[in-house]
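Here's a walk through one protein model, written for someone who would rather look at side chains than read tables. Keep the structure open while you read.

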Amino acid sequence: MREDVESIVGPLGFFRAKTEAIIKLSDQLVQKFNGEVPSRLVDLVSLPGVGRKTANVVLGNAFGVPGITVDTHFGRMVRRFGWTTLEDPIKVEAVVGELIPRKEWTALSHVLIFHGRRICHAKKPACGACPVAAWCPSYGVGETEPEAAATLVKTGPPR
Ligand code: SF4
């Protein structure tokens, strides 16, 4: 059983810790939820290794319940867009929830996280290659020269 899980998550790195977490989580799903992934936030966050961020991803994608996923990328993006200056993920979630219609929350989370991973990095944002530069109040925090900026864009699989 352990070997089966390890063979699946092996390519991801930290596979022993991930295997351990998956086995614990699976055990709790069977013990507490009859082997089904629960569809309520309160139940999801009661599972080992599942925080509010992960729970919102599951709710949005598996159950169609709109959710805002405030990870490091999302938080940085909304601060660079000037939507908030807050750092606390729960407060950021509340502020963005007031600004954006609920039906857009899940898609917004994916788009901003993708943009943060690919173009608007924490240390070297590629402003000169950014498709939303014209609307971004933080344009210029990173490289603005287009050719140099294009070299900063990450095109591989997300990490
Ligand atoms: S213009 Fe620069 S700071 Fe603004 S979103 Fe694009 S990469 Fe980020």
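## Starting at Thr106

Where in the protein is the place of Thr106? Thr106 sits in helix H7. Bear in mind that this is a predicted model, so everything below is computed from predicted coordinates.

Thr106 has a relative accessible area of 16%, so Thr106 counts as buried. Its side chain reaches over to the backbone nitrogen of Gly67, at 3.3 Å. Setting aside neighbours within four places in sequence, Thr106 is in contact with Gly60, Asn61, Val65, Pro66 and Gly67. Gly67 therefore turns up twice in this little neighbourhood: it is on the contact list of Thr106, and its backbone nitrogen is what the Thr106 side chain reaches, while Thr106 itself is buried at 16%.

## The overall build

Zooming out, the protein has eight helices and zero strands. Reading from the N terminus, the elements simply run α-α-α-α-α-α-α-α. The C-alpha trace spans about 55 × 35 × 25 Å along its principal axes.

Of the 159 residues in the protein, buried ones make up 36%. As for how the chain meets itself, take the contacts with a separation of 6 or more: residues 24 or more positions apart account for 41% of those.

## Where H5 meets H7

How do the axes of H5 and H7 cross? They come within 8 Å of each other and cross at roughly 90°. Because of that angle, H5 is described as roughly perpendicular to H7.

On the H5 side, the contact is made by His73, Phe74, Arg76, Met77 and Val78. H7 brings Leu108, Ser109, Leu112, Ile113, His115, Gly116 and Arg117. Several of these names come back below, including Phe74, Ile113 and Arg117.

## Asp71, a buried charge

Asp71 is found in the loop between helix H4 (52-62) and helix H5 (72-80). Does this side chain have a partner of opposite charge, or what is the nearest one? Asp71 is buried yet has no salt bridge, and the nearest side chain of opposite charge is Arg117, 4.9 Å away. A salt bridge calls for a nitrogen and an oxygen within 4 Å, so Arg117 at 4.9 Å misses out.

Asp71 does have polar company, though: a polar atom of its side chain lies 2.8 Å from the backbone nitrogen of Phe74. Not counting residues up to four places away in sequence, Asp71 touches Lys53 and Ile113. Phe74 and Ile113 are also among the residues that make the H5–H7 contact.

## Salt bridges

How many salt bridges does the count come to? The count comes to six. Three of them are worth a look on screen.

Glu20 and Arg2 meet through their side chains at 3.0 Å, N to O. Glu20 lies in helix H2 (residues 15-33) and Arg2 in helix H1 (residues 2-9), so this pair ties together parts that are 18 residues apart in sequence. Glu20 is partly exposed at 33% relative accessibility, and Arg2 is partly exposed at 34%.

Asp43 pairs with Arg40, the closest N and O atoms being 2.9 Å apart. Here Asp43 is buried at 17% relative accessibility, whereas Arg40 is partly exposed at 48%.

Glu93 and Arg52 also meet in a salt bridge, at 3.0 Å, N to O. With Glu93 in helix H6 (residues 89-99) and Arg52 in helix H4, the pair ties together parts that are 41 residues apart in sequence. Glu93 is buried at 16% relative accessibility, and Arg52 is partly exposed at 36%.

## Cys136

Is Cys136 buried or exposed? Cys136 is buried, with a relative accessible area of 18%. Cys136 lies in the loop between helix H7 (105-118) and helix H8 (146-150).

Leaving out residues up to four places away in sequence, Cys136 touches Arg80 and Phe81. Cys136 and Met77 are 59 residues apart in sequence, and their C-alpha atoms are 9.9 Å apart in space. Met77 is also one of the H5 residues in the contact with H7.

Conventions: Residues are numbered from 1 along each chain as its sequence is written. This is a predicted model: local features need pLDDT of at least 70, side-chain atom pairs count only at pLDDT 80 or more; totals for chains, interfaces and linings use all residues. Side-chain values use heavy atoms; hydrogens and water are left out. Helices (H or I, at least four residues) and strands (E, at least two) are DSSP runs, numbered from the N terminus. Buried means under 20% relative accessible area, exposed over 50%, partly exposed in between (1.4 Å probe, protein chains only). Lys and Arg count as positive and Asp and Glu as negative; His and the chain ends are not counted. A polar contact is a pair of N or O atoms within 3.5 Å; within protein, one must be able to donate a hydrogen and the other to accept it, and residues adjacent in sequence count only if both atoms are side-chain atoms. Contact means heavy atoms within 4.5 Å. Axes are lines fitted to C-alpha atoms, for helices over the stretch in contact, and angles run from 0 to 180 degrees between N-to-C directions. Angles under 35 degrees count as roughly parallel, over 145 as roughly antiparallel, 65 to 115 as roughly perpendicular and the rest as oblique.
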